[in-house]
Structures are given as structure tokens and as C-alpha cells.
Amino acid sequence: MSTFGHYFRVTTAGESHGKSVSCIIDNCPLGLALVEDDIQPQLNRRRPGQSAIATPRNERNRVIIHSSTELSQHNHPRQGRRVPDAEASKRMEARVAEPRDQNDSTGGTVTYAPSGLGEPAFNKLEALIGHAMLSIPAVKGFEIGSGFLGAKINGSRHNDPFIPAPALGGAAHKTGMPRSRLHAKTNNLGGIKGGIFNGMPIFPRCLYPPPGTISQD
């Protein structure tokens, strides 16, 4: 078994190629609308055998919620789902297809932009994100902001002081989000300063090495 989180806690059990993989989610908000159809599309996205660049295995995995949703109210707003960028997906497929045709494989990185608060000591935001990202199977590297490149840059270039935020166009003011009056000059710190989210975009990167299951000795 493997557990992640503190108040909102997820515990997983099972194994790859076993009969099932299960999880227990502690402290879900009371009354949260949740049915199998909310989760199944995400499981379908990672199902193998759907493209020429993925493993040819055909695994029709199915979500089953065993308990605690009998009285859910299904008229609540549901979480939005991420939609892959079509052009980025094409470039990714082309990058994977080239070594595949040579019976080889390639790795890559994943970048995303979360938001949060963090703490200055033991529960720093970058530590929590790193814990989550490095728990993903196959991930072997993780960095935020300038990452390891920051070790090669002088402090005069790497410093990330706060400066007055630049003016935004009319369209940018229609988001309804409160806007900070300060802005990080370089964002070399990747949106996290002293373990706390500073309002700038957070861009962690995860490294995936090339898959080892290739048609070579």
C-alpha cells in the first residue's frame, strides 16, 4: 500500500498486471457529486493500444466505486477536464514515432502550472509538488523554475526581486481574478519563494527516461 496526503489522503493498493488496482480516499467533502462516469474518461485516456506510439496491449480498465456514494447529489457542478493541445499532441507523437520505427524509445518532460500556498519550513510548496510528481511511476527527475541550470548562473542574473506588476490590457481584466500589485522580475524561482507561492506562474518539470521495453537486446 502507498499513501499520499495529510487531510485529503489517498491510499493505493494492488499491482501492475494484477486483478485490480484500488484506492481509498479519506476526507472527501460531504455531498461531493461523484460517480464512475466522472473518473472513467481519465482512465480511458491512459488506456494502452489507442495509438501507434503506445504499447499495443489492449486493457479495457473499468472504474468501480465500491462505497460511500449512494447518496451523492449529481446536480453539483463537476470538475473540468483537461483537453490536450492538438498541435502539441502531434509534435509529441512525431517525436515518439521516430525512435519507435528504429525499435527504440525516447523520454520527455511534463510541465504544468498549479497554484497553492505552502509553508516556509517543513511543508514547502516545492517539496509537496516534488513529492507528488516523483510518486508518478517512471519519473526520475524534478525541478522548478531555473532548476539545475540555476547552479550555473551568477546571482546577479538569477536574483528574482519583486517589482511593480506591468499594466494589463482590457481583456486581461475580465478574468475576475484579483491581481497582485507585485511581479517577480525573472521568475527564476519558478513561482515559489521561501517555500510559498508568490503569485507567479509555477512551472515544475518532470523527467521521464526512455521506456526500457523496446525491441532491442
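This report describes the strands, a helix, a nonpolar core and selected residues of a predicted model.

## The three-stranded sheet

Near the start of the numbering, β1, β2 and β3 make up an open sheet, arranged in the order β1-β2-β3 with antiparallel pairing. The edge positions belong to β1 (2–4) and β3 (21–26); each has a single partner strand, so one side of each lacks a neighbour in the sheet. From one strand to the next, the twist averages 20°. In general, the strands of a sheet pair through backbone hydrogen bonds, in either a parallel or an antiparallel arrangement.

The pairing of β1 with β2 (residues 9–14) is antiparallel and runs over three bridges. Within this pairing, S2 faces T12 of β2. The two strands form a hairpin with four residues between them, and G5 in the turn has a positive phi of about 105°.

Antiparallel pairing also joins β2 and β3, here over six bridges. V10 is placed opposite I25 of β3. Six residues separate the strands of this second hairpin, in which H17 adopts a positive phi near 70°.

## Helix α3 and the nonpolar core

Helix α3 spans residues 125–134, and its buried residues are L125, I129, G130 and M133. Viewed down the axis of α3, these buried residues fall within an arc of 125°, and they therefore line one face of the helix. The packing partners of the buried residues of α3 are four strands: β5 (141–144), β8 (192–193), β9 (196–197) and β10 (204–208).

The largest nonpolar core comprises nine residues, namely L125, I129, M133, V139, F142, I144, I192, I202 and C206. At least two residues of this core come from each of α3 and β5. The greatest contribution is that of α3, which gives three residues. As a general tendency, nonpolar side chains in soluble globular proteins are buried together.

V139 is one of the members of this core. Apart from neighbours within four places in sequence, V139 is in contact with M133, L134, C206, L207 and Y208. Of these contacts, M133 is also among the buried residues of α3, and C206 also belongs to the core.

## Positive phi and solvent accessibility

Which conformational feature is noted for A138, although it is not a glycine? A138 has a positive phi of about 85°. This residue is located in the loop between α3 and β5. A138 is classed as partly exposed because its relative accessibility, 47%, lies between the limits of 20% and 50%.

N187 likewise is not a glycine and has a positive phi, of about 55°. N187 sits in the loop between β7 (182–184) and β8. With a relative accessible area of 15%, N187 is buried, since the limit for that class is under 20%. Leaving out residues up to four places away in sequence, N187 touches G145, D160, M200 and P201.

S215 occurs in the segment after β10. Its relative accessibility of 61% places S215 in the exposed class. S215 and R100 are separated by 115 residues in sequence, while their C-alpha atoms are 9.0 Å apart in space.

The table collects relative accessibility for selected residues.

| Residue | Relative accessibility | Class |
|---|---|---|
| C23 | 46% | partly exposed |
| A138 | 47% | partly exposed |
| N187 | 15% | buried |
| C206 | 2% | buried |
| S215 | 61% | exposed |

## Cysteines and disulfides

How many disulfides does a search of the whole structure find? The search finds zero disulfides. A disulfide is, in general, a covalent bond between the sulfur atoms of two cysteines. C23 has a relative accessibility of 46% and so counts as partly exposed, whereas C206, at 2%, counts as buried. C206 is also one of the residues of the largest nonpolar core, and it is in contact with V139.

Terms used
Residues are numbered from 1 along each chain as its sequence is written. This is a predicted model: local features need pLDDT of at least 70, side-chain atom pairs count only at pLDDT 80 or more; totals for chains, interfaces and linings use all residues. Side-chain values use heavy atoms; hydrogens and water are left out. A disulfide is a pair of cysteine sulfur atoms within 2.5 Å. Buried means under 20% relative accessible area, exposed over 50%, partly exposed in between (1.4 Å probe, protein chains only). Two strands pair if DSSP finds at least two bridges between them. Axes are lines fitted to C-alpha atoms, for helices over the stretch in contact, and angles run from 0 to 180 degrees between N-to-C directions. The arc is that of the directions from the helix axis to the C-beta atoms. Contact means heavy atoms within 4.5 Å. A nonpolar core is a set of buried Ala, Val, Leu, Ile, Met, Phe, Trp, Tyr and Cys residues joined through side-chain atoms within 4.5 Å.
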